[in-house]
Amino acid sequence: MANIIVNGKNQEVTLPLTLVDLIKLNNILQPDMVSIQVNEEFVERSEFETFSLKEGDQVDFLYFMGGGAF
Amino acid sequence: MYDFTEEELNRYSRHILLKDVGVEGQERIRAAKVLIVGAGGLGAPVAMYLAAAGIGKIGIVDGDVVDLSNLQRQIIHTTPDVGRYKVESAKETIQAINPSVEVVTHRDFLMANNALDIISDYDFVVDGTDNFPVKFLINDACVMAGKPFSHGGILRFEGQTFTYVPGSACYRCTFDGPPPAGAVPTCSQAGVLGAIAGMLGTIQAAETLKYFTGVGELLTNKLLTFNAKTMDFRKINLKRHDRCPLCGKNPTVTHLIDYEQATCDLASHKASNK
Amino acid sequence: MANHVLDITNEHCPMTFVKTKLKLAQIAEGDTLEVLLTEGEPLNNLPKSAKEQGYQVLSVTHVEGPVHKVIIQK
């Protein structure tokens, strides 16, 4: 088991784990549109499948928030 | 120098008393020109607080009329305003709060062919809009024109905001383009707790005032996000990226774009009211 | 270095401090401001507030009756 930080909170995960795996694990909303930073570096969407997380990584999921209602 | 009337000294006394503002800060607020895009959920609290603060000139861009469903959160409009143009209703409220504010109404929608022209007259822009295409338009126009702005978005119970000044991270540094038109939340999800608009809009108003008075640190290179369900507030560090399609080393976005607007039953119902 | 006078004996708090701050913003660095105020709230608050906000309070003296004088240096 390894510890990573997701959106500011500790999360225990089993490595190896890619960003795509983490998205599924956390039931992320807007999986096709979410933006991800790992250790404050932006990760390209094309690399989500291959990006492998390691112990202590800090992951931030950033969502589109367009507005309240129509 | 610092030519304030007795009435102004009284009106702005709670600003002047602050060590970090004083008459010097109030003078800067009075000289400021702010454009608010959208007289809706976010634009409403922004406009009201900036009017109360004594911002010299407030421009408002909105082509819509007030709808009954707006009143749940767009507190600048009241029941008798239903059916009126939002900019007219907003102007009236602003003047009632503070008659010395100069209000310029732009009864129009911000588009690629008018954005640069409209923003040119202002020192700071506030994004109070509710759709992605225009959020990217505001970002792009402000970055191109070197105008600082406040980005804001809310959805359901959450909100997020950051402030841009030339050289800091822009919207495209994090989200390189708008989501495809078909990927918007379905209408059943397109709700928002009214007070969330107040929570975020007021933060945007505070950032605007901080910009002019120089107080504290702006939310530049930071995304402030909150979840009102838990009242968790977080700041995520952002960076200006070399690969950003707009402000990076090799920009691919070189002109303003009118992206396709999302359609949804609620939106087209609103569109048919015009 | 000039000396200026501000009479706020007819003012109530917080306009007392507001007007003092305004005058201080208008005078030159190093100048002094003689503030005439009344005892009670103005006397209790003004010298303290001025110090808290980084102004130098040189003296607080009684003039006559309820009137006091506070000398502040910018």
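Contact here means heavy atoms within 4.5 Å. With that in hand, let us work through some exercises on this predicted model.

**Exercise 1. Find which residues of helix H3 of chain B are buried, and what they pack against.**

Solution.
- Step 1: Go to residues 22–31 of chain B, the span of helix H3. The buried residues there are B:Gly22, B:Val23, B:Gly25, B:Gln26 and B:Ile29.
- Step 2: Look down the axis of H3(B). The buried residues fall within an arc of 160°, so they line one face of the helix.
- Step 3: List the partners. Within chain B, the buried residues of H3(B) pack against helix H2 (13–16), helix H4 (43–53) and helix H9 (194–213). They also pack against H1 of chain C.

**Exercise 2. Describe the interface of chain B and chain A: how many residues does each chain bring, and how much area is buried?**

Solution.
- Step 1: Choose the pair. Two pairs of chains touch, and the most contacts are between chains A and B. Chain A and chain C do not touch, and their nearest C-alpha atoms are 37 Å apart.
- Step 2: Count the residues. Chain B brings 39 residues to the contact and chain A brings 21 residues.
- Step 3: Take the area. The size of an interface is often given as the accessible area lost when the parts come together. Here chain B and chain A bury about 2,700 Å², with 57% of it on carbon and sulfur atoms.
- Step 4: Turn to the polar side. Nine residue pairs are in polar contact between chain B and chain A, both residues being at pLDDT 80 or more.
- Step 5: See which elements of chain B take part. At least two residues each come from helix H7 (132–145), strand E5 (149–155), strand E6 (158–164), helix H8 (171–174), strand E8 (232–237) and helix H10 (265–271). E8(B) gives the most, with four residues.
- Step 6: Sort by class. The side of chain B that touches chain A has 19 nonpolar, ten polar and ten charged residues.

**Exercise 3. Decide whether B:Thr174 is buried or exposed, and say what it touches.**

Solution.
- Step 1: Place the residue. B:Thr174 sits in helix H8 of chain B.
- Step 2: Apply the cut-off. Buried means under 20% relative accessible area. B:Thr174 has 4%, so it is buried.
- Step 3: Find the neighbours. Setting aside those within four places in sequence, B:Thr174 is in contact with A:Ser35, A:Phe42, A:Leu62 and B:Leu238.

**Exercise 4. Work out where salt bridges form, and which residues join into one network.**

Solution.
- Step 1: Start with the total. Over all chains, the search finds 17 salt bridges. Across the interface of chain B and chain A there are four.
- Step 2: Inspect a pair that spans two chains. A:Lys9 pairs with B:Asp232, their closest N and O atoms being 3.3 Å apart.
- Step 3: Move inside chain B. B:Arg84 forms a salt bridge with B:Asp81, at 2.9 Å between the closest N and O atoms. B:Arg84 is partly exposed at 28% relative accessible area, whereas B:Asp81 is buried at 6%.
- Step 4: Take a pair within one helix. B:Glu207 and B:Lys210 lie three residues apart in helix H9 of chain B, about one turn of the helix. Their side chains meet in a salt bridge (2.7 Å, N to O). B:Glu207 is buried at 3%, and B:Lys210 is partly exposed at 22%.
- Step 5: Follow the network. C:Lys19 forms a salt bridge with C:Glu11, the closest N and O atoms being 2.7 Å apart, and C:Lys19 is buried at 14% relative accessible area. Salt bridges that share partners join B:Glu6, C:Glu11 and C:Lys19 into one network.

**Exercise 5. Locate the cis peptide bond that ends at A:Pro16 and the one that ends at C:Pro14, then the positive phi values of A:Asn27 and B:Met231.**

Solution.
- Step 1: Recall the background. Most residues other than glycine have a negative phi, and most peptide bonds are trans.
- Step 2: Check the peptide bonds. The bond from A:Leu15 to A:Pro16 is cis, with omega near 0°. A:Pro16 is in the loop between strand E2 (9–13) and helix H1 (19–25) of chain A. The bond from C:Cys13 to C:Pro14 is cis, with omega near 0°. C:Pro14 is in the loop between strand E1 (3–7) and helix H1 (15–26) of chain C.
- Step 3: Check phi. A:Asn27 has phi near 50° and lies in the loop between H1 and strand E3 (35–38) of chain A. A:Asn27 is exposed, at 66% relative accessible area. B:Met231 has phi near 55° and lies in the loop between strand E7 (222–227) and E8 of chain B. B:Met231 is partly exposed, at 47%.

Note on methods:
Residues numbered from 1 in each chain as written. Chains lettered and ligands numbered in written order. Predicted model: local features only at pLDDT ≥ 70, side-chain atom pairs only at ≥ 80, totals over all residues. Heavy atoms only, no water. Buried area = accessible area lost by both parts, 1.4 Å probe. Polar contact = N/O pair within 3.5 Å; in protein donor to acceptor, adjacent residues only side chain to side chain. Nonpolar A, V, L, I, M, F, W, Y, C, P; charged D, E, K, R; others polar. Buried < 20%, exposed > 50% of the residue type's maximum accessible area, 1.4 Å probe, protein only. Arc of directions from axis to C-beta.
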